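Okay, thanks for making time, everyone. I'll put the structure up and walk through the parts I'd like us to look at together.

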Amino acid sequence: MSSRAKQLSNLKIFKFREFGILMVLVVFVVLLSVATDTFLTSTNIINVVRQTVEIGIMAIGMTFVIICAEIDLSIGSIYGCGAMIAAYMIKGGSDPSLAFLVAILFGLGVGFLNGFLSTKARMPAFIVTLGTMQLFRSFTYGISGGYAISSFPEGATDSWVFRMGDYIGPIPVQVIIMVILFIIAHVVLKKTRFGFNVIASGGNQRAAQLGGINTNRIKTASFMICGALSAFAGMISIAFLKSVPTGAGEGREMDVIASVILGGASMAGGRGTILGTLIGALIMSVVKNGMILISIPAYYQKGFIGVILILAVLMDTLLNKRDKRGE
Amino acid sequence: MADSIIRFENISKNFAATAALRDVSFEIERGEVHCLCGENGAGKSTLINICGGVFSPTHGKIFIDGKETEINSITKSEEMGFFIVHQEVPLCANMSIAHNIFLGYKSPDIRKSFFLDEKFMRNETQKMLDLFKLQLKPDQLVETLSIAEQSIIQIAKAIYFKPRIMIMDEPTAALTNDQRKVVFDIIHQLKTNGTTIIYVSHRLEEIIEIGDSITVLRDGQFICTKRVCEVTQDDLVKLMVGREIDMYSTHESQAQDEVLLEVKELTRKGEFENISFQLKKGEILGIAGFIGAGRTEVLMSLFGATKPYHGEIRIHGELIKIKNVETAIKNRIALIPESRRDDAIIPSMSIKDNAQLVTIAHMMKGPFIDKKKTNKCIEQTRKKFSIKANDCNLPIMTLSGGNQQKVVAARWIDNDPEILLCDEPTRGIDVGAKSEIYDIIREVSKDGVGTIVVSSELPELISLCDRIIVMHEGKLTGELHRNEFSEELIMGYATKTNC
């Protein structure tokens with residue numbers, strides 16, 4: 001019997017890093033399934049997963065940035081501003097594909113700027129991206145004049161860009177896109193030299209440099225990935241909502257950072273996984289959805305998320321401490 | 001019975017499945033210098049951390065002044081009068097030397113009504129710096145100091161704290177002979193004032209010189225406590241490793257005639273000037289000198305880690321401008337840096353990833369890392385460098401310092417370098433691992449690799465090198481061939497007394 005138990009605890013699943021956070025997700029799902037009749041319905045589950053898409057996609061980029069031991073506060077503004085630029089172009093009669101491309105290039109560009117200023121110009125990324133966050137938020141308001149953009153031309157909404165907001169049977173296309181992006185990101189981080197160098201650069205920048213890794217380039221590339229994916233998430237919101245509010249993505253960076261940290265990445269750099277980030281993002285939307293279902297007043301919802309975040313990181317610190325003492 | 005200040009009774013400490021200490025019992029007499037020795041992993045650090053209140057023992061009791069005491073926190077340890085000089089220096093890099101010295105100092109001397117008495121702190125610090133003959137100013141920030149200077153600052157703190165029991169963990173690892181003497185003077189001074197000292201060092205000659213009694217640990221077990229006058233260095237080595245090690249075995253030069261590297265009038269303002277030397281294929285060249293003589297800086301320039309330099313660097317006679325680390329690696333130069341923790345180890349990565357940080361470039365299959373190949377290679381590496389790890393996918397921090405250093409060496413030697421630069425390659429590692437590192441260096445020199453070793457341990461340079469050049473304040477002051485090697489001569493050049 002005891003050997004059986006030992007065998008069980010030797011199973012790979014108990015050893016993998018994300019096990020703890022996966023259990024947190026499972027606990028929330030079980031609790032909500034018991035507490036409400038509405039949570040565990042196919043419509044609601046699909047809804048919850050769909051609500052994970054934008055945060056999830058942005059969190060992929062943020063995972064790279066955080067593993068590099070940097071931070072990007074500007075993603076909400078990249079999301080909003082990119083979407084706003086694209087919406088303006090489409091409304092003005094441009095091809096939606098072109099608008100999509102411009103939005104992605106915009107994300108890459110802001111990412112490059114963030115990367116350049118925080119590596120070559122040696123400024124703290126927190127300050128740099130706080131600056132670009134404000135800058136592009138104000139552009140978003142400036143371009144739109146404070147009004148949401150909607151009612152796009154007839155022909156435009158038939159483009160593939162808008163198909164991203166559709167459903168295939170019961171499954172939202174954007175969910176499929178998210179899953180594909182997560183798989184690609186996982187492979188990039190785990191199996192490519194770039195991913196290896198990202199972990200090395202964030203784990204010990206000096207050692208990575210002396211190992212011949214151009215850490216500035218690696219970090220800048222991570223900011224660019226993060227920018228591009230944030231703009232991409234903005235395009236998905238256009239496709240789904242067929243409109244862009246002026247405050248699109250405002251405050252989104254906090255949810256995204258929270259997902260990544262919930263997923264086990266370390267703000268000190270060098271640690272984090274794509275799978276963890278996915279679970280972190282799912283927890284965020286399950287909790288948000290659950291709070292609505294059990295009618296927690298809207299004012300307190302953010303506070304609840306804050307408590308979960310602190311508890312998750314506390315748990316991780318305690319676990320890590322135990323790991324370290326076990327040297 | 002002698003008057004014991006600390007008595008350990010059946011102390012055991014387990015970490016998960018491994019026992020770091022097993023049933024250790026011994027006592028330390030009041031007012032003595034009690035040395036702890038043993039290889040890395042013998043349990044010395046664990047014992048120190050138990051005294052410091054960082055760990056609690058799994059079993060066993062500690063008696064202080066004959067009373068059973070539970071040291072369950074760092075504060076409690078301080079209350080009991082412990083002061084620990086750690087091997088890795090915990091100083092505040094962004095504060096001045098003076099502020100670091102008096103950090104945590106509770107006596108009212110440093111206060112003038114509500115304010116800190118800056119003048120007092122500065123003057124006291126200046127006195128201390130003069131004592132160590134350090135050319136530093138009390139207001140200088142600690143981050144501008146070298147590692148050796150930082151460890152002196154940490155030891156100096158002890159003078160002001162006047163502890164009852166001072167524990168020193170490898171305090172002299174980064175120091176030169178003269179600085180070491182000052183540390184010994186301080187130890188003597190503290191001893192006359194009634195401080196008991198627990199001294200941990202890998203340098204056996206130091207233990208013999210400074211210690212009153214010695215406790216040897218091996219694999220977490222107590223081996224023996226002896227008076228220093230009863231033992232010789234050889235006895236100690238035998239007790240520590242349970243086997244005999246020939247530290248300074250016979251030397252066979254592998255140097256060939258072909259000049260591999262030629263450095264001409266290399267200069268970097270404020271660091272070193274007009275450095276010229278040659279390195280032959282298979283040669284092991286030592287660079288001796290004091291901390292701050294510019295030795296590390298020369299290596300950093302050769303490796304492209306600091307830029308730019310003036311002067312010429314030729315490899316195989318071809319003039320090469322080393323712009324950055326990538327150029328250096330392309331020219332098959334490798335560097336084992338001075339500080340393992342700051343410059344080499346990536347703590348969040350596994351043993352395997354750390355060992356393959358550089359060689360991963362050759363283990364790609366299209367855009368992807370060839371996992372089969374990396375697994376095969378790490379097995380070979382583990383055997384070749386006898387890295388003591390059951391599973392190379394475990395975090396690097398699970399290894400002892402000596403094994404971490406072997407991983408760093410493997411990282412570079414597996415990349416097939418032509419020129420190997422080693423900066424203090426055996427700092428803070430145990431006797432066994434040291435001789436393994438020497439073997440590694442000797443082995444690559446057989447393959448024609450030219451090696452430059454910077455070290456503050458003269459016996460190390462003397463046993464390892466074919467030729468030694470000596471630096472003093474950024475300038476070359478001497479060159480010795482193997483038949484001329486002597487500590488006195490090298491020290492003469494390093495202090496510039498015989499030029």
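So, start at Leu285(B): its bridge partner in E22(B) is Ile452(B). That pair belongs to the contact between strand E15, residues 284-289 of chain B, and E22(B), which run parallel over four bridges. Before I go further, keep in mind that this is a predicted model.

E22(B) has a second partner to talk about. Strand E21 of chain B, residues 419-423, pairs with E22(B) in the parallel sense too, over five bridges. If you want a spot to zoom in on, Leu420(B) stands opposite Thr451(B) in E22(B). To get from E21(B) to E22(B), the chain goes through helix H15, residues 431-446 of chain B, and that β-α-β crossover is right-handed.

What about burial of E22(B), residues 450-454? Five of its five residues are buried, so to speak mostly covered. Take the two faces in turn: Gly450(B), Ile452(B) and Val454(B) sit on one side, Thr451(B) and Val453(B) on the other, and all of them are buried.

Now go over to E10(B), residues 196-200. How many of its residues are buried? Five of the five, so this strand is largely enclosed by the rest of the structure. Here too both faces are covered, with Thr196(B), Ile198(B) and Val200(B) on one side and Ile197(B) and Tyr199(B) on the other.

Which strands pair with E10(B)? One is strand E3 of chain B, residues 33-37, parallel, over four bridges. In that pairing Cys35(B) stands opposite Tyr199(B). Another is strand E9 of chain B, residues 165-169, also parallel, joined to E10(B) by five bridges. There, Asp169(B) has Val200(B) as its bridge partner. The chain then travels from E9(B) to E10(B) by way of helix H6, residues 177-192 of chain B, in a right-handed β-α-β crossover.

Staying in chain B, there's an antiparallel piece as well. Four strands make an open sheet in the order E14-E13-E16-E17, with antiparallel pairing. Strand E14 (272-280) and strand E17 (318-319) are at the edges with a single partner strand each, so one side of each has no neighbour in the sheet. Further in, strand E13, residues 259-268, and strand E16, residues 310-315, run antiparallel and are joined by five bridges. One of the bridge pairs is Thr267(B) with His310(B) in E16(B).

Okay, over to chain A. UniProt, in an unreviewed entry, places the feature "transmembrane region" at several spans of chain A, including residues 48-66 and 261-287. Let me set those two side by side. For residues 48-66 of chain A, the span is 100% helix and 0% strand, and the end C-alpha atoms lie 25 Å apart. For residues 261-287 of chain A, the span is 59% helix and 0% strand, with the end C-alpha atoms 16 Å apart.

One glycine in chain A I'd like to point at is Gly80(A), which is in helix H5, residues 75-91. Is Gly80(A) buried or exposed? Gly80(A) is buried, with 28 other C-beta atoms within 10 Å. Leaving out residues up to four places away in sequence, Gly80(A) touches Arg137(A), Thr140(A), Gly234(A), Ala248(A), Gly249(A) and Glu250(A). For a sense of scale, Gly80(A) and Leu311(A) are 231 residues apart in sequence and 30 Å apart in space, C-alpha to C-alpha.

Next, packing. The largest nonpolar core has 163 residues, and those with the most contacts inside it include Met58(A), Met62(A), Met235(A) and Leu421(B). Helix H12 of chain A, residues 215-241, gives the most to this core, with 14 residues. Look at Met235(A): setting aside neighbours within four places in sequence, it is in contact with Ala83(A), Ala86(A), Phe100(A), Ala103(A) and Val161(A). Apart from that core lies another of 67 residues, among them Cys37(B), Ile165(B), Val216(B) and Leu236(B).

Last stop, the interface. On chain A, 20 residues are in contact with 25 residues of chain B. Helix H10 (193-203) and helix H11 (205-210) of chain A each supply at least two residues of the side that touches chain B. By class, that side of chain A has six nonpolar, eight polar and six charged residues.

That's my tour, so over to you for questions.

Definitions and conventions:
Residues numbered from 1 in each chain as written. Chains lettered and ligands numbered in written order. Predicted model: local features only at pLDDT ≥ 70, side-chain atom pairs only at ≥ 80, totals over all residues. Contact = placed C-beta atoms within 7 Å. Nonpolar A, V, L, I, M, F, W, Y, C, P; charged D, E, K, R; others polar. UniProt positions renumbered as here; feature names shortened; annotations may be inferred. Core = buried A, V, L, I, M, F, W, Y, C linked by C-beta atoms within 7 Å. Buried ≥ 20, exposed ≤ 12 C-beta atoms within 10 Å, placed from the backbone. Pairing = 2+ DSSP bridges. Right-handed = clockwise from strand over helix to strand, strands pointing away.
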